[in-house]
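This report goes through one protein model, from single residues to the overall fold. Please keep the sequence and the structure in view while reading.

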Amino acid sequence: RLAKHFKEVWAVDQEPDMIQVGREEAERLGISNLRWIVSSAEDLEAPAAAFELVTMGQSIHRFDHSFVTPKILRWLKPGAYAAAFGGTYAEKEGEAPWKRAFHEIRMRWQPPGSVAAHPKSHWPKTTSSEAFFASGFEDVSRDEFTASHLWTSESLIGNAFSTSVTNGNRSSTPGPAVGWRPKCRPPPAPRTSCVRSMPCRCRS
């Protein structure tokens with residue numbers, strides 16, 4: 001749990017229902033240092049250099065990359081990090097009959113021409129990594145890991161409806177995790193990677 005490592009955590013989601021789910025889970029776990037905010041990433045307002053870490057869970061494809069990534073850079077303290085977490089599709093992992101059936105049902109009900117990405121994200125032509133690099137971040141870590149998950153009919157349906165395309169587009173399990181750190185420049189030296197103890201100004 002990351003929350004115990006920070007004085008305060010902002011928990012942001014544009015869906016009120018997901019905020020409520022988060023509140024209930026936090027209460028169950030006894031986590032009380034959370035600030036709940038219903039907002040999109042584009043509309044969220046935060047002070048400059050306010051955060052030590054910004055995380056995005058299976059959501060970066062929903063952002064207007066060219067607008068949001070510079071905001072994330074501005075919100076982060078010098079030398080701080082951004083981390084994005086994504087996953088693979090349940091029906092893509094293997095050839096089990098239930099996976100083929102789930103994929104066929106999903107494609108049957110998915111609206112024609114629907115995409116998961118934000119209309120201005122330029123995805124998949126421009127990747128999220130490219131958007132972060134263009135805003136002044138550097139890639140410091142890429143990790144992949146797997147975790148077992150027991151899928152039931154109810155959890156598959158719930159996961160499908162929680163995705164970013166109407167009537168369900170994607171069903172995911174834990175997958176790649178990507179981390180970035182802002183590129184910083186300690187004046188008047190040439191641009192370099194910033195360490196936490198070095199006074200520096202993140203390139204904007």
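## Serine 153 and helix H5

Serine 153 is exposed, its relative accessible area being 53%. The model is a predicted one. Serine 153 belongs to helix H5, which covers residues 153-161. In space, the C-alpha of serine 153 lies 9.6 Å from that of phenylalanine 102, although 51 residues separate the two in sequence.

## Serine 129, arginine 142 and aspartate 139

A second serine, serine 129, sits in helix H4 (residues 128-135). Is serine 129 buried or exposed? Its relative accessibility is 9%, and because the limit for buried is under 20%, serine 129 counts as buried. The side chain of serine 129 makes a polar contact of 2.5 Å with the side chain of arginine 142.

Arginine 142 also takes part in a salt bridge, with aspartate 139 as the partner; the closest N and O atoms are 2.5 Å apart. Both residues of this salt bridge fall in the partly exposed class: arginine 142 has a relative accessibility of 48%, and aspartate 139 has a relative accessible area of 31%. Arginine 142 therefore counts as partly exposed, while its polar contact partner serine 129 is buried.

## The salt bridge in helix H1

How many salt bridges does the structure hold? The count comes to two. Besides the pair of aspartate 139 and arginine 142, there is a salt bridge between arginine 28 and glutamate 25, with 2.7 Å between the closest N and O atoms.

Arginine 28 and glutamate 25 both lie in helix H1 (residues 16-29). They are three residues apart, so about one helical turn separates them. Arginine 28 is exposed, with a relative accessible area of 59%, whereas glutamate 25 is partly exposed at 34%.

## The aromatic cluster

There are three aromatic pairs in the structure. One of them joins tryptophan 10 and phenylalanine 51 in an edge-to-face arrangement, with 5.0 Å from centre to centre and 75 degrees between the planes. Tryptophan 10 is in strand E1 (residues 9-13) and phenylalanine 51 in strand E3, so this pair ties together parts of the chain that are 41 residues apart in sequence.

Phenylalanine 51 also forms an edge-to-face pair with tryptophan 75, at 6.4 Å centre to centre and 85 degrees between the planes. This pair links strand E3, which holds phenylalanine 51, to helix H2, which holds tryptophan 75, across 24 residues of sequence. Phenylalanine 51 is buried, with a relative accessible area of 15%, and tryptophan 75 counts as buried at 5%. Through these ring pairs, Trp10, Phe51 and Trp75 form a cluster.

## Alanine 49

Which residue other than glycine has a positive phi near 55 degrees? This is alanine 49. Most residues other than glycine have a negative phi. Alanine 49 is located in the loop between strand E2 (34-38) and E3. With a relative accessibility of 38%, alanine 49 counts as partly exposed.

## The nonpolar core

In soluble globular proteins, nonpolar side chains tend to be buried together. Here the largest nonpolar core has 19 residues. Which of them touch the most other members? They are Met56, Ile72, Leu76, Ala82, Phe132 and Phe137. Two or more residues of this core come from each of strand E3 (51-57), helix H2 (65-75) and strand E4 (76-89). Strand E3 and helix H2 are also the elements joined by the pair of phenylalanine 51 and tryptophan 75.

## The whole protein

The protein contains five helices and eight strands. In sequence order, the pattern is β-α-β-β-α-β-α-α-β-α-β-β-β.

Of its 204 residues, 36% count as buried. The protein exposes about 12700 Å², of which carbon and sulfur atoms supply 55%. How much of the contact set with a separation of 6 or more comes from residues 24 or more positions apart? Such residues account for 76% of those contacts. The pair of phenylalanine 51 and tryptophan 75, 24 residues apart, is one link between distant parts of the chain.

How values were computed:
Residues numbered from 1 in each chain as written. Predicted model: local features only at pLDDT ≥ 70, side-chain atom pairs only at ≥ 80, totals over all residues. Heavy atoms only, no water. Core = buried A, V, L, I, M, F, W, Y, C linked by side-chain atoms within 4.5 Å. Buried < 20%, exposed > 50% of the residue type's maximum accessible area, 1.4 Å probe, protein only. Helix = DSSP H or I, 4+ residues; strand = E, 2+ residues; numbered from the N terminus. Salt bridge = Lys/Arg side-chain N within 4 Å of Asp/Glu carboxyl O. Contact = heavy atoms within 4.5 Å. Areas by Shrake-Rupley, 256 points an atom, 1.4 Å probe, with all protein chains shown as cover. Polar contact = N/O pair within 3.5 Å; in protein donor to acceptor, adjacent residues only side chain to side chain. Phe/Tyr/Trp six-rings, centres within 6.5 Å; stacked < 30°, edge-to-face > 60°.
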